[in-house]
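Welcome! Here is a short tour of one model, taking helix packing before the ligand site. Have a look at the sequence and structure, then read on.

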Amino acid sequence: SPSLVVSRLAYAYPDGTQALYGVDLTIRRGERVALLGPNGAGKTTLVMHLNGILTAGHGTVEVGGLPVRAGTLPEIRRRVGLVFQDPDDQLFMPTVREDVAFGPANLGLRGAELDRRVRDALERVGMLDALDRPPHHLSFGQRRRVAVATVLAMEPEILVLDEPSSNLDPASRRELAEILRSLDVTVLMVTHDLPYALELCERSLVMSEGVIAADGPTRTLLADE
Ligand code: ADP
Ligand code: ADP
């Protein structure tokens with residue numbers, strides 16, 4: 001089954017603001033997709049439906065074939081790994097090791113299996129050396145990579161990143177791009193950084209006023225802008 005299937009998803013906030021007007025979207029396993037569009041287009045609202053922070057007014061969301069609904073939320077939240085824009089919203093333990101272990105420990109993993117998950121996730125983002133360091137001693141770019149590792153340690157079906165290149169210096173930007181390219185996981189990234197989308201995502205979605213207004217090869221979409 002695909003990583004993500006969104007069907008006829010519509011949503012209005014309690015104050016009546018209609019944020020999504022019927023979104024249809026399929027993302028196949030292993031695709032890297034950019035979610036573009038102006039402020040207010042509905043990107044955040046759509047992302048919040050992928051892991052059930054918001055639940056559909058109308059329509060459905062399925063992750064790896066599992067529908068998002070009240071009874072599936074624990075498994076959905078394991079399958080949908082959200083990387084926030086600010087890594088400091090995601091790192092709160094005394095050491096990197098404890099931050100990355102937090103999610104899998106909550107799943108019940110212990111001992112050698114837990115240790116393997118933590119090391120594997122940190123290795124994939126090039127931060128294994130930081131295992132026993134306090135996150136606040138790391139650079140911003142390093143903290144963002146550790147935040148990605150906290151999510152990878154859950155072995156998600158889909159990795160969703162909010163503005164992954166924001167506030168990064170050119171070297172950190174390049175490092176993160178290489179990391180994201182090397183992962184064998186489905187990626188959806190919300191971004192205003194068109195060069196980053198072009199570099200990393202073969203496919204882009206452009207949201208506008210609560211619908212997906214364009215969906216196609218990033219190269220083609222950006223040439224049309
Ligand atoms: P992003 O920078 O990710 O696009 P926004 O700037 O659109 O996010 O929104 C930031 C926060 O403000 C979100 O939690 C969003 O739900 C909230 N928000 C945005 N627009 C409104 C609104 N009209 N009324 C209330 N909250 C809003
Ligand atoms: P984006 O992430 O693309 O900036 P959002 O999903 O944050 O867009 O917003 C989509 C629409 O929903 C906008 O009109 C925004 O003002 C509105 N909105 C967002 N959050 C809220 C909220 N908590 N209450 C009311 N309206 C909101």
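## An oblique pair

In this predicted model, helix 3 packs against helix 4 (residues 111-124) at an angle of about 120 degrees, and their axes are 9 Å apart. That angle makes helix 3 oblique to helix 4, since roughly perpendicular pairs run from 65 to 115 degrees and roughly antiparallel ones lie over 145. The crossing of these two helices, helix 3 and helix 4, is right-handed.

## Two roughly parallel pairs

Helix 3 (residues 96-106) also has helix 5 (residues 140-152) as a partner: their axes come within 7 Å and cross at roughly 30 degrees. Angles under 35 degrees count as roughly parallel, and helix 3 and helix 5 are therefore described that way. Their handedness is easy to note too, as helix 3 and helix 5 make a right-handed crossing.

Helix 5 in turn meets helix 6 (residues 170-182), with axes that come within 10 Å and cross at roughly 15 degrees. Helix 5 and helix 6 are therefore roughly parallel to each other as well. Here again, helix 5 passes helix 6 in a right-handed crossing.

## Who surrounds ligand 2?

Now for the binding site. Around ligand 2 you will find Tyr13, Asp15, Thr17 and Ala19, together with Pro38, Asn39, Gly40, Ala41, Gly42, Lys43, Thr44 and Thr45. Sorted by class, this shell around ligand 2 holds six polar, four nonpolar and two charged residues. Which helix gives the largest share of the shell? That is helix 1 (residues 43-50), which supplies three residues.

## Polar contacts and burial

Oxygen atoms of ligand 2 take part in several polar contacts with the protein, and both backbone and side-chain atoms appear among the partners. On the backbone side, a polar atom of Gly40 is 2.7 Å from an oxygen atom of ligand 2. For Ala41, a backbone N or O atom lies 3.2 Å from an oxygen atom of the ligand. Thr44 uses its side chain instead: an N or O atom there is 2.4 Å from an oxygen atom of ligand 2.

How much of ligand 2 does the protein bury? Taken alone, ligand 2 exposes 550 Å², and the protein buries 64% of that area.

Terms used
Residues numbered from 1 in each chain as written. Chains lettered and ligands numbered in written order. Predicted model: local features only at pLDDT ≥ 70, side-chain atom pairs only at ≥ 80, totals over all residues. Heavy atoms only, no water. Near = heavy atom within 4 Å. Polar contact = N/O pair within 3.5 Å; in protein donor to acceptor, adjacent residues only side chain to side chain. Areas by Shrake-Rupley, 256 points an atom, 1.4 Å probe, with all protein chains shown as cover. Helix = DSSP H or I, 4+ residues; strand = E, 2+ residues; numbered from the N terminus. Nonpolar A, V, L, I, M, F, W, Y, C, P; charged D, E, K, R; others polar. Axes fitted to C-alpha atoms, helices over the stretch in contact; angles between N-to-C directions. Left-handed = near helix turned anticlockwise from the far one by under 90°.
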